[in-house]
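Welcome! Below you will find a few exercises to work through with the model open beside you. Try each task before you read its solution.

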Amino acid sequence: TPTIAVVGLLDDADRHAVSHWTRAGLTIVLLGETREELGGSEWLALRRGLEAGLPPRVDLAHERRLQALLAETIAGGLVPTAHDVGSGGLAVALAECGFSGPAALRIGCRVEFGGRLRVDVQLFGESTGRVLIACEDADAVLARARAAGVPARRIGTTGGDRVVIGAVGHPAWIDTAV
């Protein structure tokens, strides 16, 4: 398995993002686009017992725009939380944001989403080039994302002691303690 390690230098050590929610009341934004891709996913393997299909495709131009946007918004103090959406998809990333920080910071979230994709694809698809962020000024982040050509949308808020995920117009919900 190829491994890439990156070492960098922050201009201001106080301007960095962590991978967990830092406080209640922040807006959760999903950067990037979820595509109809379940091939090779954890969900497909666990739910159907299949290790089949094409892996998610990678768009390097999008990745460059996304990483530049993250660097800019984090350095600008707009984004205290940034977590990749990878193995396990959006549902796993949301849960990790709630319990990956210090024990004293077990913070849940409430997320609702809709769209043309099936609920299982939206929750467990492993499309590349996606990052969950939490921010106070979502309008500023969304404006910068538009300017950078990075798809972005509000999906929820941080807070509470549970991770609650639901699809608009769909009876399926995930509700679990942090």
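The exercises go from the overall layout to single residues.

This is a predicted model, in which local features need pLDDT of at least 70 and side-chain atom pairs count only at pLDDT 80 or more, while totals for chains, interfaces and linings use all residues. Residues are numbered from 1 along each chain as its sequence is written, and side-chain values use heavy atoms, with hydrogens and water left out.

**Exercise 1. Describe the overall layout.**

Step 1: Look for helices (DSSP runs of H or I, at least four residues) and strands (runs of E, at least two), both numbered from the N terminus. The protein has 5 helices and 7 strands.

Step 2: Write down their order. Starting at the N terminus, it reads β-α-α-β-α-β-α-β-α-β-β-β.

Step 3: Consider burial, where buried means under 20% relative accessible area, exposed means over 50%, and partly exposed lies in between (1.4 Å probe, protein chains only). Of the 178 residues, 40% count as buried.

**Exercise 2. Find the residues at the heart of the largest nonpolar core.**

Step 1: Recall that a nonpolar core is a set of buried Ala, Val, Leu, Ile, Met, Phe, Trp, Tyr and Cys residues joined through side-chain atoms within 4.5 Å.

Step 2: Pick out the best-connected members. The largest core has 23 residues, and Trp21, Leu94 and Leu132 touch the most other members.

Step 3: See which elements contribute. At least two residues each come from β1 (27–31), α3 (89–99), β3 (109–113), α4 (119–124), β4 (131–135) and β6 (162–167). Helix α3 gives the largest share, 5 residues.

Step 4: Check for a further core. Apart from this one lies another, of 16 residues, including Ile74, Val79, Cys135 and Ala145.

**Exercise 3. Explain how helix α5 is oriented.**

Step 1: List the buried residues. In α5 (residues 138–148), these include Ala138, Val141, Leu142 and Ala145.

Step 2: Compare their directions. They lie on the same side of α5 because they cover an arc of only 95° around the axis, an arc taken from the directions from the helix axis to the C-beta atoms.

Step 3: Turn to the other side, where Asp139 and Ala147 are exposed.

Step 4: Find the packing partners, using contact in the sense of heavy atoms within 4.5 Å. The buried residues of α5 pack against β1, α2 (60–75), β4 and β5 (152–158).

**Exercise 4. Work out the surroundings of Thr81.**

Step 1: Locate the residue. Thr81 belongs to strand β2 (residues 81–84).

Step 2: Judge its burial. Thr81 counts as buried because its relative accessibility is 0%.

Step 3: Name its neighbours. Leaving out residues up to four places away in sequence, Thr81 touches several residues, among them Val18, Trp21, Leu132 and Ala134.

Step 4: Look at the side chain. One of its polar atoms lies 2.7 Å from the backbone oxygen of His20.

**Exercise 5. Why do Cys97 and Cys109 not form a disulfide?**

Step 1: Apply the criterion, a pair of cysteine sulfur atoms within 2.5 Å.

Step 2: Compare the distance. The closest cysteine sulfur to that of Cys97 is in Cys109, 7.6 Å away, so the two are too far apart for a bond.

Step 3: Check burial. Cys97 is buried at a relative accessible area of 0%, and Cys109 is buried at 1%.

Step 4: Widen the search. The whole structure contains 0 disulfides.

Note on methods
A polar contact is a pair of N or O atoms within 3.5 Å; within protein, one must be able to donate a hydrogen and the other to accept it, and residues adjacent in sequence count only if both atoms are side-chain atoms.
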